Amino acid sequence: MKFKNIKKLITHRRSVFQRDFNSKKISKKTLLHLLECADAAPTHKRTQPWRFVVYRGEGRQKLADALAAMYQQATPPDKFLEKKAEDLRSKALKSEAVIMISVQYSGAVPAWEELAATAAAVQNLWLAATAKEIGGYWSSPGLISQAQEYFGLPANEECIGFFYMGYHDLPAQTPSRSPLNDKIRWEE
C-alpha cells in the first residue's frame, strides 16, 4: 500500500448525511467487510471492547421507533416536539444501515483506553466505508444515556452513538481543518 493512497483516503473521509444518501443498497457482505476493518483496531490487553448492533432492512424501523419512543419518554410533555421525534425516525429510515456503537468496559484497563479503542474501531469502519464510497456519520444524541436500559445492554456496556450509512454521489472533498502548525509543539 502506498502512503499517498492511505493519506488521500484519510484526508477525504468526511461526514455525509441522509439528505445525500442515494437508494443503492449496502449488502450484508459489504457491512461485514467494513466491520472486519473495525475489528482490526488496536486494543490494550486485547480487550476488544467495541460492540456493534447493525440495523438494516426492517431493523431500521425498529430502531426508528425505539429512538422516537426514547425521546418521548425522556422529554417532559411541555418540551416534546413531534417534529423532533419524526426527525429521529427519519434519520434511521433514510439510512441504508445504522450501527449502534457500544463500548464494553472490561475492568482490565482504564475506561478511557476502552473508549479510545472503540473510537479507533469506528475510525477504521469509517475509512473502510469511505474506500467503498459509502458515506456516513457518527451521531451521539443526548438520549443515548438511556440506551443501556432501553436496548438491554449489559451493566458494563455503554452506547456511545450511532453510525448512519448510505451510498452517495457527492464528489470527493477534503474537509476543512485549521492549520496543523497550530496543533503541534516541537521539542528538539
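In this predicted model, helix 2 and helix 5 lie oblique to each other, because their packing angle of about 140° falls short of the roughly antiparallel class, which is reserved for angles over 145 degrees. Helix 2 spans residues 28-39, and its axis is 7 Å apart from that of helix 5. The crossing of this pair is right-handed. On the side of helix 2, the contact is formed by L34, L35, C37 and A38, which meet A121, N124, L125, A128 and A129 of helix 5. By class, these residues comprise eight nonpolar and one polar, with no charged residue.

Helix 5 also packs against helix 1. Here the angle is about 105°, and the axes are 9 Å apart. An angle of 65 to 115 degrees counts as roughly perpendicular, and helix 1 and helix 5 are therefore described as roughly perpendicular to each other. Helix 1 contributes L9, I10 and H12 to the contact, while helix 5 contributes L127, T130 and A131. Four of these residues are nonpolar and two are polar, and none is charged.

Helix 1 and helix 5 appear again in the lining of the largest pocket. This pocket has a volume of about 350 Å³. It is lined by 18 residues, of which H12, T130, E133, H168 and A172 are the closest to its centre. The elements that supply two or more lining residues are helix 1 (3-12), helix 5 (111-131) and strand 3 (134-139). H12 and T130 thus have a place both in the contact of helix 1 with helix 5 and among the residues closest to the pocket centre. By class, the lining holds eight nonpolar, six polar and four charged residues.

A further helix pair is formed by helix 3, residues 59-74, and helix 4, residues 82-93. Their axes are 8 Å apart, and the packing angle is about 160°. That angle makes helix 3 roughly antiparallel to helix 4, and the crossing of the two is right-handed. From helix 3, the contact draws on R60, Q61, L63, A64, D65, L67, A68 and Y71; from helix 4, it draws on K84, A85, L88, R89, A92 and L93. In terms of class, nine of the residues in this contact are nonpolar, one is polar and four are charged. Charged residues are thus present in the contact of helix 3 with helix 4, whereas the contact of helix 2 with helix 5 has none.

Terms used:
Residues are numbered from 1 along each chain as its sequence is written. This is a predicted model: local features need pLDDT of at least 70, side-chain atom pairs count only at pLDDT 80 or more; totals for chains, interfaces and linings use all residues. Side-chain values use heavy atoms; hydrogens and water are left out. On a 1 Å grid over the protein atoms alone, a cavity is a set of points where a 1.4 Å probe fits but cannot get out, and a pocket is an open set with protein on both sides within 12 Å along at least five of seven lines; lining residues have an atom within 4 Å of a point. Grid points are joined across faces, edges and corners, and a volume is the space filled by probe spheres set on the points. Helices (H or I, at least four residues) and strands (E, at least two) are DSSP runs, numbered from the N terminus. Ala, Val, Leu, Ile, Met, Phe, Trp, Tyr, Cys and Pro count as nonpolar, Asp, Glu, Lys and Arg as charged, and the others, Gly among them, as polar. Axes are lines fitted to C-alpha atoms, for helices over the stretch in contact, and angles run from 0 to 180 degrees between N-to-C directions. Angles under 35 degrees count as roughly parallel, over 145 as roughly antiparallel, 65 to 115 as roughly perpendicular and the rest as oblique. A crossing is left-handed if the near helix is turned anticlockwise from the far one by less than a right angle, and right-handed if clockwise. Contact means heavy atoms within 4.5 Å.
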